[in-house]
Amino acid sequence: MALIRAIIKHPILSGLLAVTIGGIVVLTLIVAFLDQIKWVLSDQFWFSNILSLAIFGGIMTAVAYCILLERKISAWIQDRYGPNRVGPLGLLQPLADGVKLLLKEDITPGHVDKALFVLAPFMMFVVALIGFAVVPWGGTFRWPWMDADATPLVAQVASIDIAVIYLLAVGSMGVYGVVLGGWASNNKYAFYGAMRAAAQMISYEIPLGLVVLTAVITVGYLLPVDHAMDCLRLEGAVAAQAPHAASWTMWVVFYHPVAALLMFIAALAEANRAPFDLAEAEQELIGGFHTEYSAMKWAMFFLGEYAHMITSSAFMVCLFWGGYHLPYCTWLSTDESALAMLCRIGVIGAKIAIFIGAYMVVRWSLPRFRFDQLMRLAWKSLVPMGLVILAAQVLIVYYGWPQWISIVVNLGVLVLAAIASLTNAMPISGRQQSLLIKEKAAREKEYELQHAGV
Amino acid sequence: MDRPGLALIVGLIIFIIAGICMALVALVIGKFLRTSLPHPEKDAAYECGEPTIGNSWVQFDLRFYVVALVFLIFDIEMALFYPWAVVYKDAGIAGLWDMLFFFAVLVVGFAYLWKFGYLDWVRATHGQRPSNRKISADDAMGRAARGWQ
């Protein structure tokens with residue numbers, strides 16, 4: 001009796017006990033009803049629906065734990081402990097946060113535009129979430145009970161012909177959430193934040209679109225001729241990067257390393273993450289566009305931001321980093337068993353997790369941009385680089401030039417950009433720039449007056 | 001649902017509807033749980049405790065508008081490029097160079113924006129720009145005559 005009480009009181013053992021009992025119950029239920037659910041799982045329509053439920057659950061959990069991970073990483077970087085009070089190692093912190101946000105008073109101030117005020121967080125959250133529909137999680141597979149010649153299932157919620165455009169469109173709709181929220185708040189800080197966010201997100205969408213287009217053209221080149229039309233599908237992009245007998249360097253990132261870097265930068269800016277979080281900039285704008293929000297509506301902005309991070313990581317992984325493929329693992333890429341499908345989900349999940357870790361380390365180690373630097377980076381560095389890489393890739397694919405030229409172009413563009421940024425001394429601030437201009441004007445005036453008098 | 005392809009497209013619609021429902025549930029469920037203690041102070045705009053002056057729905061800087069216009073042009077360029085990128089290998093030499101000509105026109109526009117400073121966030125105002133500061137000879141002579149030099 002004392003032993004049982006001790007186990008229940010122990011934080012880790014009680015958790016393990018609960019998981020074990022829950023697991024046994026769920027497994028028993030699955031085995032008992034396996035015959036009943038077999039046909040449901042074997043039908044693509046029902047399988048897609050079950051998968052979408054699993055994805056919603058998984059993503060919400062992942063988002064909650066991303067926030068915990070972010071706090072842990074920030075604590076690690078700043079030499080603190082981070083959350084460690086709720087549950088073992090602070091692992092129940094997301095649960096406590098959720099309960100708090102659910103129970104907190106939801107204030108809608110009197111001066112706001114009521115409809116848009118509610119619509120904004122809703123929109124931010126929904127558009128971040130629905131992007132997951134087209135991500136290829138596990139490729140094609142068959143359950144062990146299915147016939148060997150049956151049509152294999154696709155471990156993906158939806159497969160549309162224009163998945164790449166869909167993801168770009170859904171991603172750029174995130175700007176509506178921010179702008180509507182800032183506008184509806186009728187608060188000057190929120191309004192400035194929203195304006196900044198709008199200018200920033202639309203500016204970084206251009207380089208994002210350019211490098212995605214480059215990747216799409218490369219995928220069209222890598223795919224076999226009869227499947228070349230699949231290059232706008234994400235599963236087509238992943239299939240093009242499968243390990244090959246001739247070479248393992250089939251990932252698009254090996255052809256376009258700099259384009260992959262540009263996409264990472266643009267995705268950071270699209271998700272409004274530091275060093276591009278000028279829309280929030282708590283030192284200048286309190287909280288930016290979400291100053292007037294509280295409770296669940298406030299939480300939705302953050303859930304949306306983190307979900308957007310996961311979506312854009314998945315997008316990057318599928319386009320540039322080989323999706324669920326690993327070099328040399330042909331079993332992983334071609335096998336159609338359920339086990340291989342689970343392994344593929346694990347691989348793509350691990351790749352996404354690596355990108356999220358990179359996002360977080362970047363956030364806590366780089367200072368924030370100033371707004372003119374932000375716009376200059378987008379329009380004067382990323383867009384020209386993207387344009388050159390895109391034009392080069394178009395010509396390389398059309399004329400069948402060897403692909404190493406694209407690597408040379410990529411690195412050349414990077415070197416040129418570095419040289420340009422080092423030789424072209426930019427003024428430190430806008431104020432300094434205008435002072436320099438005034439000084440120069442004064443000198444000119446003096447010169448002209450001297451010569452006029454002669 | 002015979003064809004898996006159709007099932008996969010229907011899956012998208014169901015996914016979107018499920019996502020919307022999920023957001024609605026998250027917004028609505030709290031209504032039954034949370035407290036509500038209205039207070040006039042809570043209704044006020046939060047601007048660091050300073051009394052709010054006027055409305056925030058005011059005119060804003062024109063530069064945001066310029067950025068939006070430039071974005072619009074480039075976004076349309078990309079929207080045209082995507083379908084072309086799928087098929088251009090079969091479209092022949094005309095298909096390639098037509099699009100590259102279009103691309104070049106946009107690059108010229110981009111160079112124009114760059115040259116005339118529309119991509120600079122911090123810009124010299126009209127009067128500060130050196131080219132607008134040419135003092136006419138008469139003016140200079142007049143100043144010289146008045147002994148300013």
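## Contacts and make-up of chain A

In chain A, 76% of the contacts with a separation of 6 or more join residues 24 or more positions apart. Keep in mind as you look around that this is a predicted model. Chain A holds 19 helices and two strands, and its C-alpha trace spans about 105 × 60 × 45 Å along the principal axes.

Of the 454 residues in chain A, 52% are buried. The surface that chain A exposes comes to about 20,000 Å², with carbon and sulfur atoms supplying 71% of that area.

## Chain B alongside

Now for the partner chain. Chain B has five helices and zero strands, so read from the N terminus by the DSSP runs its elements go α-α-α-α-α. Buried residues account for 30% of its 149 residues.

For chain B, residues 24 or more positions apart make up 35% of the contacts with a separation of 6 or more. Its accessible surface is about 9,800 Å², and 69% of this belongs to carbon and sulfur atoms.

## The largest nonpolar core

Which residues touch the most other members of the largest nonpolar core? They are Leu319(A) and Trp379(A), in a core of 158 residues. Helix α9 of chain A, residues 188-222, gives the largest share of this core, with 19 residues. Chain B takes part too: its domain 1 (3-36) and domain 2 (62-148) both give residues to the core, which therefore lies between them. As a general point, nonpolar side chains in soluble globular proteins tend to be buried together.

Trp379(A) is a good place to zoom in. Setting aside neighbours within four places in sequence, Trp379(A) is in contact with Ser203(A), Ile206(A) and Pro384(A) in its own chain. From chain B, the contacts of Trp379(A) are Val67(B), Val70(B), Phe71(B), Phe74(B), Phe110(B), Trp114(B) and Leu119(B).

## A nonpolar patch on the surface

Nonpolar side chains also turn up on the outside. A surface patch brings together Met1(A), Ile4(A), Ile8(A), Leu17(A), Ile21(A), Val25(A), Val26(A), Leu27(A), Leu29(A), Ile30(A), Phe33(A) and Ile37(A). Together these residues have about 1,200 Å² of accessible area.

Helices α1 (2-9) and α2 (11-32) of chain A each supply at least two residues of the patch, and α2(A) provides the largest share, with seven. One of the patch members, Leu27(A), sits in helix α2 of chain A. Is Leu27(A) buried or exposed? Its relative accessibility is 55%, and because the cut-off for exposed is over 50%, Leu27(A) counts as exposed.

## Two positive phi angles

Most residues other than glycine have a negative phi. Two residues of chain A are worth a look with that in mind. Asp79(A) has a positive phi, near 60°, and is not a glycine. Asp79(A) is found in the loop between α4 (44-77) and α5 (93-103) of chain A. With a relative accessibility of 70%, Asp79(A) counts as exposed.

Ala295(A), also not a glycine, has a positive phi of about 50°. Where is Ala295(A) placed? Ala295(A) belongs to helix α14 of chain A, which covers residues 295-320. Its relative accessible area is 2%, and because buried means under 20%, Ala295(A) is buried.

Methods:
Residues are numbered from 1 along each chain as its sequence is written. Chains are lettered from A and ligands numbered from 1 in the order in which they are written. This is a predicted model: local features need pLDDT of at least 70, side-chain atom pairs count only at pLDDT 80 or more; totals for chains, interfaces and linings use all residues. Side-chain values use heavy atoms; hydrogens and water are left out. Patches are made of residues with over 30% relative accessible area and no salt bridge: like charges are joined within 9 Å, nonpolar side chains (Val, Leu, Ile, Met, Phe, Trp, Tyr) within 5 Å. Accessible areas come from the Shrake-Rupley method with a 1.4 Å probe; for residues, only the protein chains shown count as cover. A salt bridge is a side-chain nitrogen of Lys or Arg within 4 Å of a carboxyl oxygen of Asp or Glu. Helices (H or I, at least four residues) and strands (E, at least two) are DSSP runs, numbered from the N terminus. Buried means under 20% relative accessible area, exposed over 50%, partly exposed in between (1.4 Å probe, protein chains only). A nonpolar core is a set of buried Ala, Val, Leu, Ile, Met, Phe, Trp, Tyr and Cys residues joined through side-chain atoms within 4.5 Å. Domain bounds come from an automatic or database domain assignment. Contact means heavy atoms within 4.5 Å.
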